[in-house]
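Work through the exercises below with the coordinates open, and attempt each task before reading its solution.

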Amino acid sequence: MMTEPNVNPEQPGAQDADRLGPRPLARPAVDPGQAAVFGRPQGVDGAFDKLYAPNKANGVKLTPPAPESLAEAFSRPPGAEGVLLERPKEAVGDAPQSEPPLWTGSGDPWRDPGAGAVLAGPAMPAEDEEKPARRPPGALLSLPEVLFGRRVKPKALVMLGVVALLIGAAGGLVGWWAADTGTELTGSATISEAEAAKERPAGSVAEIAKRVSPAVVSLEVFKPGAESGEQGSGVMIDPQGYILTNDHVISSAAADPSVKITAIFIDGTRTDAKLVGTDPKTDLAVVKVNVTNPTVLQIGKSSDLQVGDTVMAIGSPLALQNSVTAGIVSALNRPITAGGDNGAAPVTYEAIQTDAAINHGNSGGALVDSTGALVGINSSIRSSSADGGSIGIGFAIPSDYAIKIAKALIKDGKVQHADIGINASSTVAGSSTMGAQVKNVAPGGPAANAGIKEGDVITKIGNRLVRDSAELTVAVRAHDVGEVVPVSLARDGASFVVDVTLASD
């Protein structure tokens, strides 16, 4: 039991004993680093000196002391001034290290810090480490022992076979895929195919060519034993086997009966053709073949053509059988003079001009319109080279005139043309009158009987203008033998008309 002390309040200092004295002023320690940063500069006791400049020692700028935490962690231990490196504990009198160091010997780069860095093989196990005992190899089984020695279970053999088949099948599939895929440049392609014949309606070039080509044949004219011959085309115009062609295609057969004519159809059938008749003045001829039910070309009217109409040329240019080219009618009633090779007389006729490609071998072939009807017989071309290649200027004999000549040849084997009985030439440039100037007049001929003289210029035959000698020829032949036609003349600056009764040539 504790008792309170007896205190006499009357005694002096009795009350002061019950009071505590003032506590000492607590001043926490100031961090030197913070004091160096935030404290007053050296030599400043009062307020902050705005003119303060950091103190320099001998011209060297002094850095503030390191923070206490860093100094404690990295500074030398107390009492170790002058020691540069830490020594082992036994060197300073402490108890030696109880555990051995990490390195136990030399030559171990992983444990000895003093070992040099070298390239070496993998780490080797320690010498005292026990190695597992190696199992001795067992006896190997041969194939007969496996199959017949009952050393392996049948189920295991079956499973082994199934695994082998699966591996082989997988390898085959991989090989097939690799072969089918190919390299970066090969492989399967996805090609979009268009529907056939979608652009071949009735009346198209393809449809007309398919329908008309069987009626156009290729003609070969050669002498037995000869190495080469002539080649051209022909058009089947009659079911009895009559073929219309050009005279210059079969001219050698007309001059030499031993020359043979062969007709080649689109299906490759070859048959002999016999000469029916020729007309060198119009470059037309007819041959006949003995065939059954041939394809015959429908005959159209060339007089219904207009410039710009679509036409197609079908024949065997340069021995390329059944070639088809298309173009338009470039001009109508074009008088031209062609031929005259090897001493033959020039041929003058009124032609259809077309830009459909016509080349050597197209002669005698068909020129058909947009319905597939025959409107002309391809005959000649204009060319700028010696080889005679097409430059888009071809000529065909109009079907109206060609069929008229063909009928006369089939009936009589020859043709008679109307003749006026003169020789004429085209008027020279700069003449006051354009036409055909009479050079000489046949005595007793139609022109002489009508009073036509040399030097007269014929400007018109019937209703047709005459601008040169070629137009005079075709204008006269457009009429029949014995027909009376009016002829307009120019003589000594005067113009007059005479009636001429045409005779036969």
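Two strands pair if DSSP finds at least two bridges between them, where strands (E, at least two residues) and helices (H or I, at least four) are DSSP runs numbered from the N terminus. The model is a predicted one, in which local features need pLDDT of at least 70 and side-chain atom pairs count only at pLDDT 80 or more, while totals for chains, interfaces and linings use all residues. Residues are numbered from 1 along each chain as its sequence is written, and side-chain values use heavy atoms, with hydrogens and water left out.

**Exercise 1.** Determine in which order the strands of the closed barrel run, and what packs on the sheet.

*Solution.* Begin with the pairing: 6 strands form a closed barrel in the order S9-S10-S11-S14-S13-S12, and their pairing is antiparallel. From one strand to the next, the twist averages 55°. Take next one pair, S12 (residues 366–368) and S13 (residues 374–381), which is joined in the antiparallel sense over 3 bridges; Val 368 has Leu 374 in S13 as its bridge partner. Finally, add the helices, where contact means heavy atoms within 4.5 Å and angles, from 0 to 180 degrees, are taken between N-to-C directions of lines fitted to C-alpha atoms, for helices over the stretch in contact. Helix H6 (residues 205–212) packs on the sheet and touches S9, S10 and S12, its direction making about 40° with that of S9. Helix H10 (residues 469–477) also packs on the sheet, touching S10 and S11, and its direction makes about 90° with that of S11.

**Exercise 2.** Explain which residues of helix H8 are buried, and how they are arranged about its axis.

*Solution.* First establish the extent: H8 (residues 399–412) has 14 residues and reaches 20 Å from its first C-alpha to its last, close to the 20 Å expected at 1.5 Å a residue, the expected span being 1.5 Å times one less than the number of residues. Then apply the burial classes, namely buried under 20% relative accessible area, exposed over 50% and partly exposed in between (1.4 Å probe, protein chains only). Ser 399, Ala 402, Ile 403, Ile 405, Ala 406 and Leu 409 are buried in H8. Seen down the axis, these buried residues fall within an arc of 160°, so they line one face of the helix; the arc is that of the directions from the helix axis to the C-beta atoms. Lys 407, Lys 411 and Asp 412 are exposed on the other side of H8. The partners of the buried residues are S5, S7, S8, S13 and S14.
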